Amino acid sequence: MYVSDLSHPTFSLAGKLQHLYQLSRGCKIDLRFRPPFLNLLKAFGDPHKNMPPTIHVAGTNGKGSTLAFMRAFLEEQGKSVHVMTSPHLVRFNERIVLAGKEIEDDYLESLIDEAIALNNEAEITFFEITSVLAFAAFSRVKADYLLLETGMGGRLDCTNIIEDPILTIITSISRDHEPFLGNTLAKIAGEKAGIIKQNVPCIIARQESNEALHVLEETARKRNAPLLRANQEWCIKMQNDTCHYTSDKNALTLPLPALKGVHQIDNAGTALAAFEAIGAGGALDEDALSRAIKKVNWPARLQKMTTEQEDWEIWLDGGHNESAGRVLAQQASLWEGQDSKPLYLIIGMMSLKTPDAFFAAITPLAEHVYTVPIMGEPLTFAPDALQAFVKESPCTCADSLDSALSRLFKEQKPGRILITGSLYLTGEYLKRKNALA
């Protein structure tokens, strides 16, 4: 939980989000179903038992993108979809999508008021209370499906209170949140595998680690959960300007996704396998899926921004761990092969993260690196602390994102700027753009 999560352009909502945060009284993250959470669920009438058919997703990277693809596929079939994700980029409403639309301010505010009253000043965390009010909204507004993203872990995540999803998805697993999830991939995979349910099919995305895959497979075996694994029960590959999806039931040729990056092919494949597994549209309609894959949207994941600076490009990506660093390095190499524009990095990161592996993967490919704080966020790395992780490229510390951009435009020849290291930094840029619009 970060201070950045509490910002909102509506003054009254910002104040009420702040009040929700203060209910925790500063208690540390505690990955278990705590009594205040369970009590509030009961006070709301256990809404988690009355939600639409739910697809539950856990993993380290790609959760949000996979759900964005899944939502696009379902909506192209005329299905109404609820979505819960975190964190948000600009305003809290992004976390709760009701039947295809972000929750309205008035409804959100009324739910917060109801949650505060029913909670009766109990010590409850921000994620616990906001999960409960989201469940309440999902139970009261009709939809065909709910796409539910875990928070940090899986096994003891608040979202895992649901007992009967129709499908679970495990996206790519890598090192992140190690103080809470464990310091090995096996331990982290064990926490993520906690969402796998008895007899419920589970989609497994491509895993970089056989160690993680083995843990997922063993958990599924013990729970008799049918597995649909990347490169085994299904496969997706890029060929020229198309991607090819195959399973024992279907063979599809689709356009490349609207979301940029080779890794999004894997995320699209994971969503296709999930869509196929639930049979939402009957036989897969190649034309409908082609339309959906071309218009899927998920901000700050290799998102290209418009800029008035001639000959410059600005890209946003919230990646912050080792696996994300490798993905961005792969994209940087592709860019270099396309046009050899110089790459500049602006990096800010939360101080609870471990920057070394991320920096080692991406910073050697940069012409110049600018390190920045995340404004208004106490738990941010200082620019000079981040500078220590830059080993092979020139690096400049800047006191803000605006300062880094200003200096970059003045000091460097035109090229490609990638703002990265944290979704909160990319959110800061998006808020800045919205304010100027």
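## Exercises on pockets, helices and loops

The second largest pocket in this predicted model encloses a volume of about 570 Å³. Let's work through what surrounds it and then visit a few other spots.

**Exercise 1.** Work out which residues lie nearest the centre of the second largest pocket, and which element gives the largest share of its lining.

*Solution.* Start with the wall as a whole: 24 residues line the second largest pocket. Nearest its centre you will find R71, E102, N297, W298 and P299. Next, look at the elements: α3 (63-76) and β12 (301-305) are those that give two or more residues to this lining. The largest share, seven residues, belongs to α3. Finally, sort the lining of the second largest pocket by class: twelve residues are nonpolar, five polar and seven charged.

**Exercise 2.** Stay with α3 and decide how it is oriented relative to helix α9 (residues 263-278).

*Solution.* First take the geometry: the two axes come within 8 Å and cross at roughly 50°. Now classify the angle: α3 is oblique to α9 because roughly 50° falls between the under 35 degrees of roughly parallel and the 65 to 115 of roughly perpendicular. The crossing of α3 with α9 is right-handed. Then find the residues that touch. On the α3 side, these are S65, T66, F69, M70, F73 and L74. On the α9 side, they are Q264, N267, A268, T270, A271, L272, A274, F275 and I278. Sorted by class, this contact has ten nonpolar residues, five polar and no charged.

**Exercise 3.** Find the cavity and describe its lining.

*Solution.* Begin with the idea behind the search: rolling a probe the size of a water molecule over the atoms reveals where empty space remains. Here, one cavity of 30 Å³ or more turns up. The largest cavity holds about 40 Å³ of space. Its lining consists of M84, T85, S86, F92, R95, I96, F127, T130 and A134. Helix α5 (residues 126-140) gives the most to this lining, with three residues. By class, the lining of the largest cavity divides into five nonpolar residues, three polar and one charged.

**Exercise 4.** Locate the cis peptide bond and the residue that has a positive phi although it is not a glycine.

*Solution.* S86, already met in the cavity lining, is joined to P87 by a cis peptide bond with omega of about -5°. P87 sits in the loop between β2 (81-84) and β3 (96-98). For the second part, go to A99: its phi is positive, about 50°, although A99 is not a glycine. You will find A99 in the loop between β3 and β4 (101-102).

Notes:
Residues are numbered from 1 along each chain as its sequence is written. This is a predicted model: local features need pLDDT of at least 70, side-chain atom pairs count only at pLDDT 80 or more; totals for chains, interfaces and linings use all residues. Side-chain values use heavy atoms; hydrogens and water are left out. On a 1 Å grid over the protein atoms alone, a cavity is a set of points where a 1.4 Å probe fits but cannot get out, and a pocket is an open set with protein on both sides within 12 Å along at least five of seven lines; lining residues have an atom within 4 Å of a point. Grid points are joined across faces, edges and corners, and a volume is the space filled by probe spheres set on the points. Helices (H or I, at least four residues) and strands (E, at least two) are DSSP runs, numbered from the N terminus. Ala, Val, Leu, Ile, Met, Phe, Trp, Tyr, Cys and Pro count as nonpolar, Asp, Glu, Lys and Arg as charged, and the others, Gly among them, as polar. Axes are lines fitted to C-alpha atoms, for helices over the stretch in contact, and angles run from 0 to 180 degrees between N-to-C directions. Angles under 35 degrees count as roughly parallel, over 145 as roughly antiparallel, 65 to 115 as roughly perpendicular and the rest as oblique. A crossing is left-handed if the near helix is turned anticlockwise from the far one by less than a right angle, and right-handed if clockwise. Contact means heavy atoms within 4.5 Å.
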